[in-house]
Amino acid sequence: MPTLSSDDAFAEVKAKVDLVKVVQEHVRLTKRNKDYWGLCPFHQEDSPSFHVNPQRQSWYCFGCERKGDVFTFVELIEKTDKRGALQLLAERAGVELKKLSPEQKDKADLRKRTLAMLKLAAQYYEYVLWKMPAGEPGRRLLESRHVAEETARRFQLGYAPAGRGFAEYLRAKGRSLADALEAGLMRRDGTDFFAERLAIPIRDERGQVLAFTARAVRQDEQKKYINSPDSPTYIKGRVIFGLDLAR
Ligand SMILES: [Zn+2]
């Protein structure tokens with residue numbers, strides 16, 4: 001029995017439900033070649049721009065550009081969250097979900113908070129890189145490596161300034177510094193773990209930031225690259241990272 005909200009639970013439920021059938025309960029679909037088309041349930045329209053791909057079990061609306069899989073469809077149509085969609089679809093598919101034990105729930109909560117913190121850090125570093133005078137060393141490094149802004153933005157590169165910039169940013173936002181410590185973003189003295197480095201997010205296939213690898217900008221820095229310490233979202237060596245600035 002897969003545990004509620006685990007990746008296994010999503011995979012098992014997804015394998016047992018058919019997106020086309022789920023959509024058809026809300027949208028009249030017409031088959032054209034291998035695909036299905038209908039009027040989008042998420043925006044007003046007179047001609048069908050809502051497209052379902054049964055092979056990939058994915059949907060996309062050419063009108064409002066909403067898209068996703070069976071879970072996102074149910075989330076939107078039933079106005080629930082991801083977990084709610086999982087529960088609805090699990091019932092439908094006859095997949096029984098095991099409740100989380102208190103320890104598992106704590107672990108899941110911590111992971112969620114860590115992910116939120118890492119996302120925030122990536123946004124902050126990216127902002128510093130492009131918008132702040134403090135981002136200058138990062139911009140210079142990219143320029144010297146001929147990394148175009150477009151590429152840098154695709155990988156959501158950022159710059160961690162010297163000192164306690166991130167801690168101050170969190171304080172200003174009323175966010176927990178403890179979570180930032182847990183996420184490996186800060187040292188105990190409040191300085192930034194990646195200070196004076198170009199921060200490169202390590203992301204999973206859904207684009208969630210799990211950790212950072214960070215390249216020194218200063219020549220006298222001993223270690224050219226450092227990685228996030230192990231955290232609730234990241235264990236070294238597990239995740240493959242796609243951009244090599246080492247050369
Ligand atoms: Zn639409």
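**Exercise 1. Decide whether Q57 in this predicted model is buried or exposed, and describe its place and backbone.**

Solution. Start with the accessible area: Q57 has a relative value of 17%, and since buried means under 20%, this residue counts as buried. Next, locate the residue along the chain, where Q57 falls in the loop between strand 3 and strand 4. Finally, turn to the backbone, where the phi of Q57 is near 55 degrees, which is a positive value in a residue other than glycine. As background, most residues other than glycine have a negative phi.

**Exercise 2. Carry out the analysis of Exercise 1 for Q156, and state which elements flank its loop.**

Solution. The loop that holds Q156 runs between helix 7 and strand 6 (158-160). The phi of Q156 is near 55 degrees, again a positive value in a residue that is not glycine. With a relative accessibility of 16%, Q156 counts as buried.

**Exercise 3. Find which protein atoms bind the zinc ion, and explain why their arrangement is called tetrahedral.**

Solution. First list the donors, which are C40 through SG, H43 through ND1, C61 through SG and C64 through SG, at 2.1 to 2.3 Å from the zinc ion. Then read their order along the chain, which gives the spacing C-x2-H-x17-C-x2-C. Now consider the angles: the four donor atoms subtend 101 to 120 degrees around the zinc ion, and because four donors count as tetrahedral when all angles lie between 85 and 135 degrees, the arrangement is tetrahedral. For orientation, the ideal angle for four tetrahedral donors is 109.5 degrees.

**Exercise 4. Work out which parts of the chain are tied together by the pair C40 and C64, and how accessible each of the two residues is.**

Solution. Place each residue in turn: C40 lies in the loop between strand 2 (35-38) and strand 3 (50-53), while C64 lies in the loop between strand 4 (58-61) and strand 5 (67-68), so the pair ties together parts that are 24 residues apart in sequence. As for accessibility, C40 is buried at 6%, whereas C64 is partly exposed at 24%. The loop between strand 4 and strand 5 also holds E65, and this residue is exposed, with a relative accessible area of 54%.

**Exercise 5. Determine how helix 3 and helix 4 are oriented to each other, and which residues meet between them.**

Solution. Take the axes first: those of helix 3 (residues 70-77) and helix 4 (residues 82-93) come within 8 Å and cross at roughly 105 degrees. Because angles of 65 to 115 degrees count as roughly perpendicular, helix 3 and helix 4 are roughly perpendicular to each other. Then look at the contacts, in which V70, F71, V74 and E75 of helix 3 meet K82, A85, L86, L88 and L89 of helix 4.

**Exercise 6. Describe which residues of helix 8 are buried, what they pack against, and what follows the helix.**

Solution. Helix 8 covers residues 165-173, and its buried residues are G165, F166, A167 and L170. These buried residues pack against helix 5 (102-131) and helix 9 (177-182). After helix 8 comes G174, which has a positive phi near 70 degrees. One of these partners, helix 5, contains T114, which counts as buried at 1% relative accessibility. Leaving aside residues up to four places away in sequence, T114 touches E182, A183, S231, P232 and T233.

**Exercise 7. Assemble a picture of the whole chain from its elements, its domains and its distances.**

Solution. Begin with the elements, of which the chain has nine helices and nine strands. The domain assignment then gives domain 1 (7-93) and domain 2 (102-227), and the centres of the two, taken over C-alpha atoms, are 35 Å apart. Along its principal axes, the C-alpha trace spans about 65 × 45 × 35 Å. Two pairs of residues help to give a sense of scale. The C-alpha atoms of E65 and Y225 are separated by 38 Å, with their positions 160 residues apart along the chain. T151 and K98 are 53 residues apart in sequence, and their C-alpha atoms are 42 Å apart in space. To finish, consider burial and contacts: of the 247 residues, 42% count as buried, and among contacts between residues at least 6 apart in sequence, 54% join residues at least 24 apart.

Terms used. Residues numbered from 1 in each chain as written. Predicted model: local features only at pLDDT ≥ 70, side-chain atom pairs only at ≥ 80, totals over all residues. Heavy atoms only, no water. Donors = N, O, S within 2.8 Å, 3.2 Å for Na, K, Ca; no water. Tetrahedral: all angles 85-135°; square planar, octahedral: opposite > 155°, others 65-115°. Helix = DSSP H or I, 4+ residues; strand = E, 2+ residues; numbered from the N terminus. Buried < 20%, exposed > 50% of the residue type's maximum accessible area, 1.4 Å probe, protein only. Domains from an automatic or database assignment. Contact = heavy atoms within 4.5 Å. Axes fitted to C-alpha atoms, helices over the stretch in contact; angles between N-to-C directions. Parallel < 35°, antiparallel > 145°, perpendicular 65-115°, else oblique.
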